[in-house]
Every structure is written in structure tokens, then in C-alpha cells.
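Trainee: Before I rely on any of the labels attached to this model, I would like to go through the reasoning behind them with you.
Mentor: Then let us look at the structure together and take the labels one at a time.

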Amino acid sequence: MRYQTAVFDLDGTLLDTLEDLYRATNTALEDHSLPRRSRDEGRLFVGNGVEMLIRRAVPAGTNEETTLAVLADFKTTYAAICEDHTRPYDGIPDMLRALRERGIRVAVVSNKFDAAVKALAATFFPHTVRVAIGESKAVARKPAPDTVFAALSALCR
């Protein structure tokens with residue numbers, strides 16, 4: 001059986017995004033006079049989307065209004081800096097090119113917000129990733145399969 005499609009996660013799989021996530025988190029926290037987090041703490045906070053990242057980063061007992069304001073500021077900051085330190089892991093661009101050369105369609109799905117997923121895929125993998133889907137109101141977050149189903153549907157158009 002020959003594979004026709006490959007769907008990858010983005011953060012921590014294709015791209016090392018930790019530094020930019022860490023920096024945007026601390027900028028948003030500082031903007032609300034909340035304490036900074038260490039890089040090691042930031043590493044523990046990622047993996048379940050940016051809302052969960054911020055909920056983990058704000059101090060326990062932070063009210064909902066402040067938490068949502070920090071999240072909004074994080075998104076603005078991250079959108080501005082998401083390419084500053086982010087890089088593909090070694091070998092990833094070559095692997096994606098090899099898949100394309102074999103006629104395999106490639107998509108990425110992520111719990112990162114959709115605009116950032118699309119921007120990062122366009123910047124780092126413009127000729128190899130055909131579809132990029134992130135967190136939005138239109139699809140349920142992983143581990144629900146909705147982002148993968150949406151990616152497969154878009155690849156088949």
C-alpha cells in the first residue's frame with residue numbers, strides 16, 4: 001500500500017516554537033504586572049493550545065477577566081514574534097520535500113490558534129505543506145479528530 005497523505009502536528013514535531021511561545025507568554029504576563037515564568041515552566045505549560053498555556057502561566061487565583069486579557073495580549077504578541085526564534089527541526093524541510101517529490105500530500109494540524117498555524121506553515125514550509133489547520137471555533141481541538149478530518153477534506157479538494 002502506498003501512502004497518499006501525511007498529517008503532522010506542528011509545535012514540537014516539525015517546528016521548535018518553544019522560545020517564541022515562552023517570550024510571548026512572559027510579555028503578556030508582564031503587561032498585566034504578573035510574575036514571569038522560567039523557560040522550564042514554559043516548556044511544561046505547552047501542548048494543549050494557547051488558552052491552556054496562559055491558564056497554566058497565570059498565578060493560581062487569577063480572575064477570569066485578567067486571564068482572558070493576558071490571553072488576548074499573548075495572541076497579539078505571539079503573532080508579531082512567532083517567527084523570531086522558531087525554526088524547523090533538523091531534517092524536517094528535507095523530509096517534507098521528499099514526501100512532496102513522491103506525490104504525498106502534506107498537512108499540519110495544531111492546537112495553536114489557526115492564524116498562527118497558517119502563518120508558520122506558509123513561512124517555513126511554503127512549497128510542501130498544502131493545508132494548515134489550527135484551533136478555531138469551526139473545529140474541535142485535538143485530541144478530537146476534527147482538525148485531521150478538516151485537513152483531509154481540504155487536501156481532497
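Trainee: What makes the pair R141 and E135 a salt bridge?
Mentor: Bearing in mind that this is a predicted model, the closest N and O atoms of R141 and E135 are 3.5 Å apart; the criterion asks for a Lys or Arg side-chain nitrogen within 4 Å of a carboxyl oxygen of Asp or Glu, so the pair qualifies.

Trainee: Why is R141 called partly exposed?
Mentor: The relative accessible area of R141 is 31%, and since buried means under 20% and exposed over 50%, a value in between is called partly exposed.

Trainee: Which residues are joined into one network by salt bridges that share partners?
Mentor: That network consists of E19, R23 and R39, and by the rule we have just applied the count of salt bridges comes to eleven.

Trainee: How do you know that D114 and K118 are paired, and how are they placed along helix α6?
Mentor: Their closest N and O atoms lie 3.0 Å apart, which makes the pair a salt bridge; because the two residues are four apart in helix α6, about one helical turn separates D114 from K118. K118 itself has a relative accessible area of 39% and is therefore partly exposed.

Trainee: What can be said in the same way of R37 and E41?
Mentor: Their side chains meet in a salt bridge with an N to O distance of 2.9 Å, while E41, at 27% relative accessibility, counts as partly exposed.

Trainee: Is T25 called buried or exposed, and why?
Mentor: T25 has 4% relative accessibility and therefore counts as buried, the limit for that label being under 20%. T25 belongs to helix α1 and, leaving aside its neighbours within four places in sequence, is in contact with L53, I54, A57 and F74.

Trainee: Which residues have the most contacts inside the largest nonpolar core?
Mentor: They are F8, L10, F74, Y78, L96, V108 and F125, within a core of 37 residues. Among the elements that each supply at least two residues of this core are β1 (5-9), α1 (18-31), α4 (64-81) and β4 (105-113). A second, separate core has seven residues, including V131, I133, A151 and L155.

Trainee: What does L96 touch, apart from its neighbours within four places in sequence?
Mentor: With those neighbours left aside, L96 is in contact with F8, V106, F125, T128 and V129.

Definitions and conventions:
Residues are numbered from 1 along each chain as its sequence is written. This is a predicted model: local features need pLDDT of at least 70, side-chain atom pairs count only at pLDDT 80 or more; totals for chains, interfaces and linings use all residues. Side-chain values use heavy atoms; hydrogens and water are left out. A nonpolar core is a set of buried Ala, Val, Leu, Ile, Met, Phe, Trp, Tyr and Cys residues joined through side-chain atoms within 4.5 Å. Buried means under 20% relative accessible area, exposed over 50%, partly exposed in between (1.4 Å probe, protein chains only). Contact means heavy atoms within 4.5 Å.
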